[in-house]
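Me: I'd like a close look at one loop residue in this model, and then a walk outward from that residue to the rest of the chain. Could you take me through it in one go?

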Amino acid sequence: MKPAIEGGTPVRKDFLVFGKPVIREADIAEVVDTLRSGWIGHGPKTERFERMFAEYTGAEHAVSVNSCTAAMYLSLGLLNLDQDDEVITSPMTYPSTANVVLHHGAKAVFADICEDSCNIDPDEIFKKITPRTRAILPVHLHGYPADMERILDIADGQNIVVISDAAHATETLCKDRHVGVLGDATCFSFYATKNITTADGGMITTNRADWVERLRLLRMHGVTRNAWNRFQEKGFKFYDTVTPGYKLNLTDLQSAMALHQMERIEESYERRTQVWNEYSKAFSSMKGIEIPSEPVYGRHARHLYPARLVLDYLKIDRDHFLEALKAEGIGAGIHFISLHLHSFYADTFGYKPQDFPVAAKVSERTLSLPISPGLEDIDISDVIKACEKLLTYYAR
Ligand SMILES: Cc1ncc(COP(=O)(O)O)c(C=O)c1O
């Protein structure tokens, strides 16, 4: 069958949007209730969201912020990094993971990834440790848990802090522990496409009592009382600036969106798993595509379904495949192109593709297919049909 991009008939007429959030009536009602309540900034709903998140992950503290980027920026800020300090992270991530290290004036040191999980390789971390290593920043990419046991082992005893990027990992377990309780701090994202969304938003979970108050202070100007405490019925209270903080808090309007999503998080996770399994079952018997691997320890959050194209088998490259899928009516994504291949990182630090060979190779052939609890069975079969059509037509 001729692909739509070559003039054939598309698999779908209505475009399947990649990462469309699932917003239910209860979410809308909660947002409307917030609008009518007269309090839309940081207040009781945000505090409720924080308690729910702490309970879900098992962490002692959950500090909400307005993005995962803000979560990582604030957490790293507690280390008072200077220009010789180094933070080891994965190049296979969204730019903000490494950007925040640079924003603190420190060095982002990349360590290559494991081919199966796409997560930072502990053996590569080990090679990059120096006396200036202050932190390791693993990413639980796509929702697959990074090897936290080995990473914590490496950091242990060397005064190295572990802060993880869990933007994809709201439901991720490492062995039987939630990633939100591992290491010094864990940073989550509630961006529009994430498993829990507040349009934009983030959370830091930590068991460090010595960090939590500082994080709360820094997210809100460095003043000792937030507006909710200052203006509630007990009357105006004086506030004090004890450090020059930032303005990185989450609002009740945003948190209202999350409260019911949190209640149905496991139900949504089950549907995500069904979608994942349907894809893996279908693609296992097709040539030209490889299915993502399952964690050998813990639980994958099923945030993304990163299939890989077998480029030697195909006449087209991954980018062309993505365009062709789009023409078939299927939205897909790339997560990610390794940061050492991005112009800023390559030009500034002189990276060559072969410096991180595994990440470079995966970057060329990874392709994320739609995975969402909102997908209907027909959507799943359209994705499979479209992939099969393209894999057959473009086979060498
Ligand atoms: C792996 C990863 N880390 C960090 C971020 C940044 O999250 P946010 O947009 O909440 O700042 C993203 C965003 O998509 C991401 O995918």
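Reply: Happy to. Let's start with N119, which is buried because its relative accessible area is 2%, under the 20% cut-off. Please keep in mind throughout that this is a predicted model.

N119 sits in the loop that runs between strand 3 (107-110) and helix 5 (122-128). Leaving aside residues up to four places away in sequence, N119 touches I113, C114, V139, H140, L141, Y144, P145 and A146. Another residue to look at from here is M92: 27 residues separate N119 and M92 along the chain, and their C-alpha atoms are 7.5 Å apart.

Two other asparagines in loops make a good contrast with N119. N80 belongs to the loop between helix 3 and strand 2 (86-89), and N159 to the loop between helix 6 (148-155) and strand 5. N80 counts as exposed because its relative accessibility is 64%, and N159 likewise counts as exposed, at 72%. Their backbones deserve a look too. Most residues other than glycine have a negative phi, and most peptide bonds are trans. N80, however, has a positive phi near 45°, and N159 has a positive phi near 60°. A further positive phi, of about 65°, is found at H221, just after helix 7. As for the peptide bond itself, the one joining H335 and F336 is cis, with omega about 15°. F336 lies in the loop between helix 11 and helix 12 (343-349).

Now step back to the domains. The assignment gives domain 1 as 4-21 + 265-332 + 370-393, and domain 2 as 25-263. The centres of the two domains, taken over C-alpha atoms, are separated by 30 Å. Where they meet, 20 residues of domain 1 are in contact with 28 residues of domain 2.

Helix 7, which covers residues 209-219, shows how one helix is packed. Its buried residues are W211, V212, L215, L217, L218 and R219. What do they pack against? The partners are helix 2 (44-57), strand 1 (61-65), helix 3 (68-77), strand 5 (161-165), strand 8 (185-189) and strand 9 (202-206). You have already met two of these elements: helix 3 comes before the loop of N80, and strand 5 follows the loop of N159.

Helix 13 (residues 357-365) makes a useful second case. Here A359, A360, V362, S363 and R365 are buried. These residues pack against strand 10 (289-290), strand 11 (305-309), helix 11 (318-327) and strand 12 (366-369).

The loops around those partners are worth following. I291 is placed in the loop between strand 10 and strand 11, and L311 in the loop between strand 11 and helix 11. I291 counts as partly exposed because its relative accessibility is 37%; L311 counts as partly exposed too, at 24%. Again setting aside residues up to four places away in sequence, I291 touches S280, F283, S284 and Y305. With that same restriction, L311 touches I316, D317, R318, E364, R365 and R396. R365, one of these neighbours, is among the buried residues of helix 13.

Two distances help to place these loop residues in the chain. I291 and E50 are 241 residues apart in sequence, with 35 Å between their C-alpha atoms. For L311 and T193, the separation is 118 residues in sequence and 28 Å in space, C-alpha to C-alpha.

Finally, here is the whole chain. Its secondary structure consists of 14 helices and 12 strands, and its C-alpha trace spans about 70 × 55 × 40 Å along the principal axes. The radius of gyration is 22 Å, which agrees with the value near 21 Å that a compact globule of 396 residues would have. Of those 396 residues, 56% are buried, N119 being one of them. Among contacts with a separation of 6 or more, 73% are between residues 24 or more positions apart.

At the surface, the accessible area is about 17,200 Å², and carbon and sulfur atoms account for 51% of it. The chain carries 44 positive and 54 negative charges, whose mean positions are 3 Å apart.

Conventions. Residues are numbered from 1 along each chain as its sequence is written. This is a predicted model: local features need pLDDT of at least 70, side-chain atom pairs count only at pLDDT 80 or more; totals for chains, interfaces and linings use all residues. Side-chain values use heavy atoms; hydrogens and water are left out. Helices (H or I, at least four residues) and strands (E, at least two) are DSSP runs, numbered from the N terminus. The radius of gyration is taken over C-alpha atoms; the globule rule is 2.2 Å times the number of residues to the power 0.38. Buried means under 20% relative accessible area, exposed over 50%, partly exposed in between (1.4 Å probe, protein chains only). Contact means heavy atoms within 4.5 Å. Accessible areas come from the Shrake-Rupley method with a 1.4 Å probe; for residues, only the protein chains shown count as cover. Lys and Arg count as positive and Asp and Glu as negative; His and the chain ends are not counted. The place of a charge is taken as NZ of Lys, CZ of Arg, CG of Asp or CD of Glu. Domain bounds come from an automatic or database domain assignment.
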